[in-house]
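Work through these exercises with the structure open beside you. Try each task before reading its solution.

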Amino acid sequence: AAYQDALDAIEAGDDSAAAARLDGLDVRNLYEDAFASLARYRFLARWGSKQQQLAALTRAVAHEREQRYLPPEAFVWALRQKFALETELQDFGGALDTWDVLRAQTLEPPVRAALERAVADIEALRQDDRAFAVSGRVGENGSWFFDLLKRRFHIDRVAGEIAELKLRCARDYVLFRYRPELEYEVAERVGECLLEVVGTPGTEFRLVQS
């Protein structure tokens with residue numbers, strides 16, 4: 001009932017009431033946390049940023065490889081919204097991870113075909129020499145995480161302080177101090193990598209992959 005009250009306030013466009021009802025949700029287990037995160041996404045879809053929306057959806061699906069906490073239809077819907085946001089934010093590595101889960105779900109043929117076309121475009125970008133950039137911001141926990149799509153990258157336009165970079169790869173883990181003049185290249189042998197940028201909370205920068 002409390003969850004539905006929050007959704008009703010969001011639907012009515014009452015941001016103050018919706019925020020109060022979301023804050024008042026008494027989450028006691030992982031199932032309730034998944035639903036609360038889904039409600040928070042709906043709130044943020046009207047009054048929040050794309051990055052906040054993505055964080056809420058990521059929590060809602062709880063990094064599950066198969067449906068467990070949300071009902072099947074809600075799980076697939078959340079994954080589709082997550083994929084769309086990751087693509088829009090150019091988090092293409094994250095989008096491919098989401099697709100690995102989505103592809104095993106029951107999807108309407110037109111939906112599957114559209115997703116497969118988007119994935120093919122991402123794979124083409126991974127293999128060619130086009131460069132692309134995304135904006136990053138170190139969170140209050142002192143870190144920013146991003147799934148790398150390409151093997152070469154550098155970080156520039158830093159407003160604040162970056163202390164070090166960490167690469168958590170499928171077959172290796174390394175950390176090193178950040179040096180703004182360097183471009184880094186990840187060896188093929190280590191597999192896919194998650195980049196962690198460690199620095200002063202609030203530091204903004206640009207990550208360029210090529």
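**Exercise 1. Locate Arg157 in this predicted model, describe its backbone, and decide whether it is buried or exposed.**

Step 1. Find the element. Arg157 sits in strand E3, which covers residues 152-159.
Step 2. Read the backbone angle. Phi of Arg157 is positive, about 50°, although the residue is not a glycine.
Step 3. Check the accessibility. Arg157 has a relative accessible area of 63%. The cut-off for exposed is over 50%, so Arg157 is exposed.

**Exercise 2. Do the same for Gln90: where does it lie, and what is its phi?**

Step 1. Gln90 belongs to the loop between helix H5 (72-88) and helix H6 (92-102).
Step 2. Its phi is near 60°, again a positive value in a residue other than glycine.
Step 3. Gln90 has 28% relative accessibility, so it counts as partly exposed.

**Exercise 3. Describe the surroundings of Leu207.**

Step 1. Place the residue. Leu207 is part of strand E8, residues 204-209.
Step 2. Classify it. Its relative accessibility is 0%. Buried means under 20%, so Leu207 counts as buried.
Step 3. List the partners, leaving aside neighbours within four places in sequence. Leu207 contacts Phe132, Ala133, Val134, Trp144, Phe146, Leu148, Phe153, His154, Ile155 and Leu195.
Step 4. Take a distance to Ala84. Leu207 and Ala84 are 123 residues apart in sequence. Their C-alpha atoms are 20 Å apart in space.

**Exercise 4. Which helix holds Ser37, and which residues does Ser37 touch?**

Step 1. Ser37 is in helix H3, residues 30-47.
Step 2. Its relative accessibility is 7%, so Ser37 counts as buried.
Step 3. Set aside residues up to four places away in sequence. Ser37 then touches Ala56, Arg59 and Ala60.

**Exercise 5. Analyse the salt bridge between Asp23 and Arg40.**

Step 1. Start from the principle. Side chains of opposite charge can pair when their charged atoms come close.
Step 2. Apply the distance test. The cut-off is a nitrogen within 4 Å of a carboxyl oxygen. For Asp23 and Arg40 the N to O distance is 3.9 Å, and the side chains meet in a salt bridge.
Step 3. Place both ends. Asp23 lies in helix H2 (residues 15-23) and Arg40 in helix H3, so the pair ties together parts that are 17 residues apart in sequence.
Step 4. Grade the exposure of each end. Asp23 has 62% relative accessibility and counts as exposed. Arg40 has 34% and counts as partly exposed.

**Exercise 6. How many salt bridges does the structure hold? Describe further examples.**

Step 1. Take the total. The structure holds 17 salt bridges.
Step 2. Go to Arg103. Its side chain forms a salt bridge with Asp100, with the closest N and O atoms 3.5 Å apart. Arg103 is partly exposed, with a relative accessible area of 46%. Asp100 is also partly exposed, at 35%.
Step 3. Go to Arg130. Its side chain meets that of Asp128 in a salt bridge, 2.6 Å from N to O. Arg130 has a relative accessible area of 44% and is partly exposed. Asp128, at 27%, is partly exposed too.
Step 4. Look for a network. Salt bridges link Glu123, Arg126 and Glu192.

**Exercise 7. Put the local sites into the whole fold. What are its elements, dimensions and surface?**

Step 1. Count the elements. The protein has seven helices and eight strands.
Step 2. Take the dimensions. Along its principal axes the C-alpha trace spans about 55 × 40 × 30 Å.
Step 3. Test the packing. With 210 residues, a compact globule would have a radius of gyration near 17 Å; the protein has 19 Å, which agrees.
Step 4. Sort the contacts by sequence distance. Take those with a separation of 6 or more: residues 24 or more positions apart account for 64% of them.
Step 5. Turn to burial and surface. Buried residues make up 43% of the 210 residues. The protein exposes about 11,700 Å², and carbon and sulfur atoms supply 47% of that area.
Step 6. Finish with charge. The protein has 28 positive and 36 negative charges. The mean positions of the two sets are 3 Å apart.

Note on methods:
Residues numbered from 1 in each chain as written. Predicted model: local features only at pLDDT ≥ 70, side-chain atom pairs only at ≥ 80, totals over all residues. Heavy atoms only, no water. Helix = DSSP H or I, 4+ residues; strand = E, 2+ residues; numbered from the N terminus. Buried < 20%, exposed > 50% of the residue type's maximum accessible area, 1.4 Å probe, protein only. Contact = heavy atoms within 4.5 Å. Rg over C-alpha atoms; globule rule 2.2 N^0.38 Å. Areas by Shrake-Rupley, 256 points an atom, 1.4 Å probe, with all protein chains shown as cover. Lys, Arg positive; Asp, Glu negative; His and termini not counted. Charge placed at Lys NZ, Arg CZ, Asp CG, Glu CD.
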